[in-house]
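User: I am new to protein structures and would like a careful, close look at one single part of this model. Please choose a residue, describe its surroundings slowly, and then place it in the rest of the chain.

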Amino acid sequence: MGIEVNGIAHIQLTVNDGERCLPFWEVLCHFLEMKTLIRNDDTVYCIGSRTGILVRVAPEGGSAKHFDQDSSGLHHFCFRARSKEDVDSIYQFVDTQLSAHIVHPPEDGSRFAPGYYSFLFEDPDGIRVEFNYVPGKGHFGEQGRLGEDGPGPANQYGEEGLMDE
């Protein structure tokens, strides 16, 4: 017997460029109506919106190369928005106020899930962050792969979306 968890409580990121990354993340979190719980020279931790984001500077000697999503570890993480309009608002904020590197602006991603809508950007260290909106129950809904009449798990995924081969 399993249990259903209640989401992700927090995400902790380690960054190289604290001078750029800590303010970047704090400003983004405040836009997401999160509050700063911890702030010092090498850490910012914001909580709210049912999650927490802790960002700390890598300890001396622990700095690594620029973030590489194809290395072992984190590829990217994705916040779930409540509407397409929220995705658009967050995009506008990230693009104009944070001057983040935008990997792709808001776009239809229905190849991944019915109604999937998202944008993807990078923080100053290159850590990739996505915001998406998926209407209804997504893959668990009527048109979803895991819905009552859905085809079940895919065996391939990529830029083309979910596929069966």
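Analyst: Helices (H or I, at least four residues) and strands (E, at least two) are DSSP runs, numbered from the N terminus. With that in hand we can begin at Leu120, which is found in strand β7, a strand made of residues 117-122. This is a predicted model, in which local features need a pLDDT of at least 70 and side-chain atom pairs count only at pLDDT 80 or more, while totals for chains, interfaces and linings use all residues. Residues are numbered from 1 along each chain as its sequence is written, and side-chain values use heavy atoms, with hydrogens and water left out.

Is Leu120 buried or exposed? Its relative accessibility is 13%, and therefore Leu120 counts as buried (buried means under 20% relative accessible area, exposed over 50% and partly exposed in between, with a 1.4 Å probe and protein chains only). Leaving aside neighbours within four places in sequence, Leu120 is in contact with His76, Ile102, Val103, His104, Arg128, Val129 and Glu130, where contact means heavy atoms within 4.5 Å. One of these partners, His104, lies 16 residues away from Leu120 along the chain, yet the C-alpha atoms of the two are separated by 5.3 Å.

To place this residue, consider the chain that surrounds it. The protein chain has two helices and ten strands, and, read along the sequence, these follow the pattern β-α-β-β-β-β-α-β-β-β-β-β. Its C-alpha atoms fill a box of roughly 55 × 40 × 30 Å, taken along the principal axes. Of the 165 residues of the chain, 40% count as buried, and among the contacts with a separation of 6 or more, 48% are between residues 24 or more positions apart.

The two helices deserve a look of their own. Helix α1 (residues 18-31) and helix α2 (residues 84-96) have axes that come within 11 Å and cross at roughly 150°, the axes being lines fitted to C-alpha atoms over the stretch in contact, with angles from 0 to 180 degrees between N-to-C directions. That crossing makes α1 roughly antiparallel to α2, because angles over 145 degrees count as roughly antiparallel, under 35 as roughly parallel, 65 to 115 as roughly perpendicular and the rest as oblique. On the α1 side the contact is made by Val27, Leu28 and Phe31, and on the α2 side by Ser89, Ile90, Phe93 and Val94. By class, this contact of α1 with α2 has six nonpolar, one polar and no charged residues (Ala, Val, Leu, Ile, Met, Phe, Trp, Tyr, Cys and Pro count as nonpolar, Asp, Glu, Lys and Arg as charged, and the others, Gly among them, as polar).

Charged side chains come next. Side chains of opposite charge can pair when their charged atoms come close. A salt bridge here is a side-chain nitrogen of Lys or Arg within 4 Å of a carboxyl oxygen of Asp or Glu, and by this rule the count comes to five. Among them, Arg145 and Asp164 meet with 2.8 Å from N to O. This pair links distant parts of the chain, since Arg145 is in the loop between β8 (128-133) and β9 (156-158), Asp164 is in the segment after β10 (161-163), and the two are 19 residues apart. Arg145 is buried because its relative accessible area is 15%, whereas Asp164, at 47%, counts as partly exposed. Another of the five joins Asp17 to Arg20, whose closest N and O atoms are 3.5 Å apart; Asp17 is partly exposed at 24%, and Arg20 is partly exposed at 49%.

Finally, some loop residues can be set beside the buried Leu120. Gly61 lies in the loop between β4 (51-57) and β5 (77-80), and Gly61 is exposed because its relative accessible area is 79%. The C-alpha atoms of Gly61 and Asp95, 34 residues apart along the chain, are separated by 32 Å. Ser99, in the loop between α2 and β6 (101-108), has a positive phi of about 50° although it is not a glycine, and Ser99 counts as exposed at 59% relative accessibility. Ser49, in the loop between β3 (43-48) and β4, also has a positive phi, near 50°, in a residue other than glycine, and with a relative accessible area of 49% Ser49 is partly exposed.
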